[in-house]
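Student: Could you walk me through this model a piece at a time? I would like to begin with a helix and then move outward.

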Amino acid sequence: MSQRRRPKRGSRAYGPRKRAQSQTPRLDSWPNTSGTPKIQGFAGYKVGMTHTFIIDNRASSTTSGMELQVPVTVLEVPPMRIAAVRFYENTIYGFKTMGEVWAQDLDPLLTKRLNVPESHEESSLDKYDLASVEDIRVIAYTQPKMIKGVPKKVPDIMELRIGGGSISERLAYAKKIIGKDIEISDFTVEGAFVDVVAVTKGKGFQGATKRWGIKLLSHKNSKHRRGVANLGPKRPGYVRSTVPASGQMGYHQRTEFNKQLVKISGDGSEITPKGGFLNYGNVINTYVLIRGSIPGPAKRLVRLRDPIRASTNDSTEAIDITYISIASKQGA
């Protein structure tokens, strides 16, 4: 007799809620873009939050053309450096690495992350057959030593896709940026939408009430009020994973889609509040303002990506900002 297959019905939301394996978020997919070749991602460090007054440029909004108070998150985004170019081919098992070419002059601190190849030459980029190349990506790393608010100096390394144009045009763009610094302006512009990926703030081991938001039991309960009333049916003879239980809360990788970039500027003094940002200090590099909140505490590495669920209805024009709050956050 054949075995009946009954997969779990419905959404399990974010499960299992385990700690993230790495504080550097991992991206498994990239959107396809048109136009001239460019990098499709960037990374920065979360500073904190403030608020601005902007003119609403959404045509279908009930407040269109009016002044709005909007909470914004500040990211400090110093230049990233391109360490290597990586080639991918398409196989029956998916993308497979064909090879990579590393730059020569890299940050010595990068050796604390991985063994940096030293035998590569940038002229090796021409030895790959572009007919079999399916995708070209670059290996980039951040430069936290340029930031005062982040205590670490060891770079965070990640892979960024080059999108747009043909394979030969992407290769030409990769040759131009390998071993050099790239700015946030090479990735996006003011008013554009991006996906934000980061590891959330860790809250440790928490009970079911705080972790899942279940209702408190009656005050007449004989043992406890913050437990689970029923652990499920008698059969099967185990507690199912759908039953709310205590465990790790927070420190999970999360993606927020279509977050708008309100402002990009190279003058950090115009955003730094009196006394500096709480648990961070002063912004001294290029920064971006992202509309709304994003995951993670201050100093957390945050990755940005071209929107994979881009909306055609949202306006991507630059936003008219009338006021940015630089009031002290020390008493907040």
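**Helix 1 and its surroundings**

Tutor: In this predicted model, the residues of helix 1 (residues 167-177) that count as buried are I167, R170, L171, Y173, A174 and I177. Looking down the axis of helix 1, one finds these buried residues within an arc of 160 degrees, so they line one face of the helix.

Student: Why would residues spaced like that end up on one side?

Tutor: An α-helix has 3.6 residues a turn, so residues three or four places apart point the same way.

Student: And what covers the buried residues of helix 1?

Tutor: The cover includes strand 1 (38-39), strand 4 (80-91), strand 6 (135-141), strand 7 (157-163) and strand 8 (181-182).

Student: What phi does G179 take, just after helix 1?

Tutor: G179 has a positive phi of about 80 degrees, and its place is in the loop between helix 1 and strand 8.

Student: Is G179 buried or exposed, or partly exposed?

Tutor: G179 counts as partly exposed, because its relative accessibility is 24%, and the cut-off for buried is under 20%. Setting aside neighbours within four places in sequence, G179 is in contact with R81, I82 and A103. Along the chain G179 and S166 are 13 residues apart, and their C-alpha atoms are separated by 22 Å.

Student: Let's follow A103, then. Where does A103 sit?

Tutor: A103 is in the loop between strand 5 and strand 6, and with a relative accessibility of 4% A103 counts as buried. Its contacts, leaving out neighbours within four places in sequence, are I82, A83, E122, I178 and G179. As for distance, A103 and T142 lie 39 residues apart in sequence and 15 Å apart in space, taken C-alpha to C-alpha.

Student: What about the loop between strand 6 and strand 7, which residue could we look at there?

Tutor: Q143 lies in that loop, between strand 6 and strand 7, and at 7% relative accessibility Q143 counts as buried. Not counting residues up to four places away in sequence, Q143 touches P78, P79, M80, R81 and D181.

Student: Switching to the backbone now. Which residues are joined by a cis peptide bond?

Tutor: The cis peptide bond joins R235 and P236, with omega at about 0 degrees. P236 is in the loop between helix 2 (208-212) and strand 11 (247-248).

Student: Why is that worth pointing out?

Tutor: Most residues other than glycine have a negative phi, and most peptide bonds are trans.

Student: Okay, so which residue that is not a glycine has a positive phi of about 60 degrees?

Tutor: That is Y251, whose phi is positive at about 60 degrees although Y251 is not a glycine. Y251 is placed in the loop between strand 11 and strand 12 (253-265), and Y251 counts as buried because its relative accessibility is 13%. N258, also not a glycine, has a positive phi near 55 degrees. N258 is found in strand 12, and with a relative accessible area of 24% N258 is partly exposed.

Student: New topic: what volume does the largest pocket have?

Tutor: The volume of the largest pocket is about 1,000 Å³. There are 34 residues that line the largest pocket, and those closest to its centre are P25, R26, L27, D28 and Q253. The elements giving two or more residues to this lining are strand 4, strand 5 (94-102), strand 6, strand 7, strand 12 and strand 14 (301-305).

Student: Which strand gives the most to that lining, and how many residues?

Tutor: Strand 12 gives the most, with four residues.

Student: And how does the lining divide by chemistry?

Tutor: The lining of the largest pocket divides into 14 nonpolar, eight polar and twelve charged residues.

Student: Last one, zooming out: how many helices and strands are in the protein chain?

Tutor: The protein chain has two helices and 15 strands, and its C-alpha atoms fill a box of roughly 75 × 65 × 45 Å along the principal axes. Of its 332 residues, 44% count as buried. Among the contacts in the protein chain with a separation of 6 or more, 77% are accounted for by residues 24 or more positions apart. The protein chain exposes about 18,500 Å², of which carbon and sulfur atoms supply 48%.

Definitions and conventions. Residues are numbered from 1 along each chain as its sequence is written. This is a predicted model: local features need pLDDT of at least 70, side-chain atom pairs count only at pLDDT 80 or more; totals for chains, interfaces and linings use all residues. Side-chain values use heavy atoms; hydrogens and water are left out. Buried means under 20% relative accessible area, exposed over 50%, partly exposed in between (1.4 Å probe, protein chains only). The arc is that of the directions from the helix axis to the C-beta atoms. Contact means heavy atoms within 4.5 Å. On a 1 Å grid over the protein atoms alone, a cavity is a set of points where a 1.4 Å probe fits but cannot get out, and a pocket is an open set with protein on both sides within 12 Å along at least five of seven lines; lining residues have an atom within 4 Å of a point. Grid points are joined across faces, edges and corners, and a volume is the space filled by probe spheres set on the points. Ala, Val, Leu, Ile, Met, Phe, Trp, Tyr, Cys and Pro count as nonpolar, Asp, Glu, Lys and Arg as charged, and the others, Gly among them, as polar. Accessible areas come from the Shrake-Rupley method with a 1.4 Å probe; for residues, only the protein chains shown count as cover.
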